[in-house]
Every structure is written in structure tokens, then in C-alpha cells.
There are 2 protein chains.
Amino acid sequence: MPSIRDVARLAGVSHQTVSRVLNEHPSIREETKQRVLDAIRQLDYRPNQAARALVTSKLNLIGILSATVGEFGPTASIAAIEEAAREEGYSVTTLNLPDTSPEAIGGAVRQLLREQVDGIVVLAPQVRVFHVLRGMAIGVPFVSLQTASGALEESVAPDQLEGARMATRHLIELGHVDILHLSGPQDWIEADSRMRGYLQALRDADLPTIPPIRGDWTADFGHYAGLELARRQDFSAVFAANDLMAIGLMHGFRDAGLDVPRDVSIVGFDDIPVAAHVWPPLTTVHIDFADLGRRAIARLLASLRGEAPSAEEPPAPALVVRDSAAPRR
Amino acid sequence: MPSIRDVARLAGVSHQTVSRVLNEHPSIREETKQRVLDAIRQLDYRPNQAARALVTSKLNLIGILSATVGEFGPTASIAAIEEAAREEGYSVTTLNLPDTSPEAIGGAVRQLLREQVDGIVVLAPQVRVFHVLRGMAIGVPFVSLQTASGALEESVAPDQLEGARMATRHLIELGHVDILHLSGPQDWIEADSRMRGYLQALRDADLPTIPPIRGDWTADFGHYAGLELARRQDFSAVFAANDLMAIGLMHGFRDAGLDVPRDVSIVGFDDIPVAAHVWPPLTTVHIDFADLGRRAIARLLASLRGEAPSAEEPPAPALVVRDSAAPRR
DNA sequence: TTGTAAGCGTTATCAA
DNA sequence: TTGATAACGCTTACAA
């Protein structure tokens, strides 16, 4: 591995001059610069990041702390985060939390810190993760893709509550009165917002609220719930907290001999890529996960540079009307 | 940020002794060790990775080079890779290729090298990526999750060809004779293996082979293909190269008034989480993507340590029979 | 515009 | 079992 001194020797200058070329220092003679550049190319020299990081105490590294289980949304956001960060000259390291115990979270943050990250993006939608995070003196800026109630300052969450209201209102406008909610697991921020949106919409319409069913985000659970729910016929519509559960739910209803949307209307949330193609095509709420990721990076880099975060609005959710919800008969 | 010298001062030893404790050097008095450990805890000292990397010229960093578009399979593998690598004390940096031009690939590898990765895991299933990789003197070990024909030595690919044969054979055993293949895009290794498996199964059964249709992995394309195919009624079964296209295909057929599996049988590939819940439940080929990722890391670390790679078999694909394929009427 | 010297925080080497 | 000293490859200051 050639070092900066090898380049200097070949170009006939001091290693300091090479450093200046590398860092685009203004005062350097064009000809010298070219000589150095040539030498760099000739030796296939690459600056040693470790040495650079040692002296500047900056690695230009962003850590992603994720506690999601490989679902579509977070994955799409992570890809966007990674791309946006690299565009700005940062590299990215990802750390998936195997579980969300306080110890695991603390350990993960410490690990990221040990790796000298300059900032952290958190995709850890469990409320308890936020408690732990808030209790830690992290020492580097961080941004979250979710908002806990009474939130941390830095987050770029979309308005999930509003999305859930839109979904529920859609069912109300179709004439449904007895609307169930299949929610996400306790302790999940998203599950909570979506449930609150549902409850709000019902209250606004002076409709009875029925205690939500706690699911676990999986299609398997949706299927199970569909089978169970088919027995009680006290509802005509369900708002599922995500598409996977909605699809499982349709499966369960189908197995029980119920037709969607003739007998039951369903609305999902997320707009995953298959949503438009399942039978019946799923009415759902679209979230722009990639955009979310990009905003997170913009926000993080702003605070890394000491700029004020732009007061941009988070991306708005949008209702996508397909065929799984129909007027009440 | 406390340094090793601060710890040394507090513990009343030399910084070298602290270093020994850190690196679990055998000859150190237990009592001294405890004093140092206490000091470390007291100061919340964390070793500076950059300094360590500078002197050892090892960062314990693994790079993931990915050129996939956020599909289920690669994503699951990446999560597993990340976890396995961290367990072994390596951190992980991910780099998504925006496009697969030779320049982009070369740039990405150089970028990873500049970040001082000790090894690279490649999830870049396009044939051309392999050409570029092979032409580069990379200088660090790397492992691929795909096998190009006439392959690179290091890969942990599952036997996709065999999976495709199983899928096709299943249709043949159901009595189908005119079996179509909806393949993945040209230049994709997976697309190629799956297509070859399909062709082989047909040949083995002395059945006519029909030129495959080139898709792009998306459900949208599957939908379009279903609409088009519905016009020509010269087949009774389709083997789709992935589940997303299979689901889109079912949608297209449905729109055209064809019933699956009554009029057409369909088999997919991947076994994505919704496969069991769509209508009709999708017969498909299951691949253990997480296992694949873990093997990739095992392999990479073995060559990093100079060990011989274990001659383990790649994970075997498994046919999952559900309802989208039925006996030919 | 260029060069020289010092130091970043760690590990490796040698000596005690 | 411990300590002193010299790197590692770079950037920052200061001097020429």
C-alpha cells in the first residue's frame, strides 16, 4: 500500500503538498498539482481513512440503528438513507437490533459510538427504544424516522395519524358504521399512531369505537384474525394497521366463506408492492419511505454542520383507493 | 473523549499496560487488570478504532456491495450477513449500486476499498458485474451470493437451477404439457439459472420448450404479461421466475377472466411472506435467504483467516405446494 | 506556493 | 509482569 510519502517522492514534492492536493487546498500551483495527481494515479494511491480519521477525529460515518424485522417500509428507507449519505460523502454502517431489551439497545448504541459514527439514524419504532435513547448521553446527533409521543426533537416521521384517519374516514364515507381495527403490537409507535388516527376518525363521526385487536404485523396473524373474526358478525369493515395483516385477513375471511368487499371491506396501510395485485386489490395508505430516508439524512447532516434544520413538512400519506373496500350494503 | 493515557494515569500504570488489558494479553497481574478495568469503566473509555486501525492496518470491516432493488430475498440475506458479521466482531458497511455500468461497479469497489474493508460480500446478480469484478485486482477476499456460469471460486449460491427444475417438474407431474416460463431480465444470473432449470426439466420430459418471456421481476410486469398471455391459449401452466411476477400474473389472468388454477396453473419462486396468503395461495420454491447470508460470512471470514473454506453444501431449495397449481384438466 | 515539525491514539518492539 | 520508545499515515500549525 503506497502512502502519501511514496506519492510525494514520486512527484518530487513534500508529503504536505500531496496532502494539500488531496484536500483541495486553494494555493497550489496547477503544474505541481498535476504532477501529484499523476503520481497518485500511477501508484493507485488511496488515502488511509484510519490515519485521516485519527487526526481529524471524524470518520464521515453514519450509523443506522434498526429494530425492524425486514419489512418493506424500513427497508426502503434504509436503502434511501444509504444512498443519500454516500452522495454527501458519508459512509454508512448498519446495526440490526436482535431484540429491544434496554441492554441490547444500549449495547448497540455503544457499539456504533465505538465505531466512531458521526451521527445515528434510528429506525426503532418501539416506544421503549426511545425511553432508553432518551436516557443515554449519546453525544452525537441523531434522527429518528418515528415520532414518539412527547417526542424527541429530531424526527422526520410522516403523519401516520393523519393517514389512519384518512383510511378510517374512507370506510365511514362508504357508509360503514361498525369498523374494526387490527392494530400493530403494543409498544410500537406506528401501531399507536395508526390506532389513534382510527379512534379519532370514529369519534369525529360520532361512531362507536370497538377495542382494537392487537396483531403482530404478520400476514400469518392476519389470517388467524380473519378466521376468528368471521365468527362474530358485528362489523362490516376492518382497518388493518399494515398491508401484510390486511392480506392475511382477506385470506382468513376467504377461508371462512366471507367475500371481500361484498361482506367485509378492508383498508390496509403502507402500499407494499403487491398491494395492487392481490385479490381483491387492496385499498391502502401510501407512504413514501424513500423520501423519508432522504429527509432523515438531510436533517442529520444539517445538525452535523451546525445548521438549523429546515422546517420542511414530513411527507404526507395518501389514500390509494382500490377494490378491497366498497359501500356498505 | 478519554484516551488510553487518561486510563493509565487513573489506574497508575503505563498506557502500554492498559493496551495489554484491552487486548487480553496473557501476562498481566489480575490485580493490575482489575484496576485498569475499573478506570476504564469510571471514565467510560472507548478505544479509538481509527488509531487502532492505523497501527494494525485492519479495520475489521466488511463491505456489502449490492445491486438489487430492495427485493425480499437480498434484503433478508443482507440482514443475516450483518448480524453474523457483528457476532464475529466485524462491522459492516453497505453500498447500493444505483446502476450496473462498469464505471459504477468499479467506483463502488474502489469506494469500499478506500473505506478499508477487509472483505467484500457481493449481492450483484447481474452477469456483467461479475465480468467487471473479475477484471479488477481487488486485493481483498470476496464472496458472492450468486454463481455466474464458469464462476468465481467463492460463492455460496443456492442451487437455483435445481429449484427451477423442481418447480417445472411439479407442473409436468400435474399433467401439464404446454408450460410457459416468465423469466427475469437478461443479464441476471438468477434469471438465467432459473430459466435453464426450466428448460432442462422440459427436455428431460421430452416436452416442447417455448421461448421464455423476459420480465423485470416486478408484479406490474406480471400483470401486464397476464393480460397479454390470456389472448393466446396455447398453454396450461406458467412457471414464473419469482413470486412477485407470479402474483402479478395471477392478477392479469383474473382481469382477463381466466381462473387460476382451473384454467392456468402457476408456480412462483422465492416464497415471499405473502405467498401463502394471496388468492390462490401460491405454489412456489422456498429459498433460505438468511442461511445464505450466514454462509457468505462464514466463507469470507475463513478466507480472511487463511483457513480453507468448509466444503459445505449450499442450502437446498424446497418446493412448497399450495393451491396455484392444479392437475391439468 | 511550498516545506518542516508536531501530534492524533493506538499497538509492537525491546528492555528492565 | 511492566514500562519506555518508536512507529502507523495523515492533518494542522508554523516557517520559509
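## Protein contacts with DNA strands C and D, and a sheet in chain A

A polar backbone atom of I4(B) lies 2.4 Å from a phosphate oxygen of DNA strand C. Such a polar contact is a pair of N or O atoms within 3.5 Å; within protein, one must be able to donate a hydrogen and the other to accept it, and residues adjacent in sequence count only if both atoms are side-chain atoms.

The model is predicted: local features need pLDDT of at least 70, side-chain atom pairs count only at pLDDT 80 or more, and totals for chains, interfaces and linings use all residues. Residues are numbered from 1 along each chain as its sequence is written, chains are lettered from A and ligands numbered from 1 in the order in which they are written, and side-chain values use heavy atoms, with hydrogens and water left out.

**DNA strand C.** This strand is surrounded by 28 residues, the closest being T17(A), R20(A), T32(A), I4(B) and Q16(B). Of the strand C atoms that come within 4 Å of the protein, 51% belong to sugar and phosphate. A residue is near a strand if one of its heavy atoms lies within 4 Å of it. The largest share of the surface near strand C, five residues, is from α4(B).

**DNA strand D.** Here too 28 residues surround the strand, and Q16(A), T17(B), R20(B), S27(B) and T32(B) are the closest. Sugar and phosphate make up 54% of the strand D atoms that come within 4 Å of the protein. Helix α4(A) gives the largest share of this surface, five residues.

Further polar contacts are listed below.

| Residue and atom | DNA atom | Distance |
|---|---|---|
| T32(A), side-chain N or O | strand C, phosphate oxygen | 2.4 Å |
| N48(B), polar backbone atom | strand C, phosphate oxygen | 3.0 Å |
| R5(A), polar side-chain atom | strand D, base nitrogen | 2.8 Å |
| Q16(A), side-chain N or O | strand D, base oxygen | 2.4 Å |
| Y45(A), side-chain N or O | strand D, phosphate oxygen | 2.5 Å |

**The sheet in chain A.** Four strands of chain A form an open sheet with parallel pairing, in the order β6-β5-β7-β8. Strands β6 (213–214) and β8 (265–267) of chain A are at the edges with a single partner strand each, so one side of each has no neighbour in the sheet. Helices (H or I, at least four residues) and strands (E, at least two) are DSSP runs, numbered from the N terminus; two strands pair if DSSP finds at least two bridges between them. Strand β7 (residues 237–240) of chain A pairs with β8(A) over three bridges, and A237(A) stands opposite S265(A).
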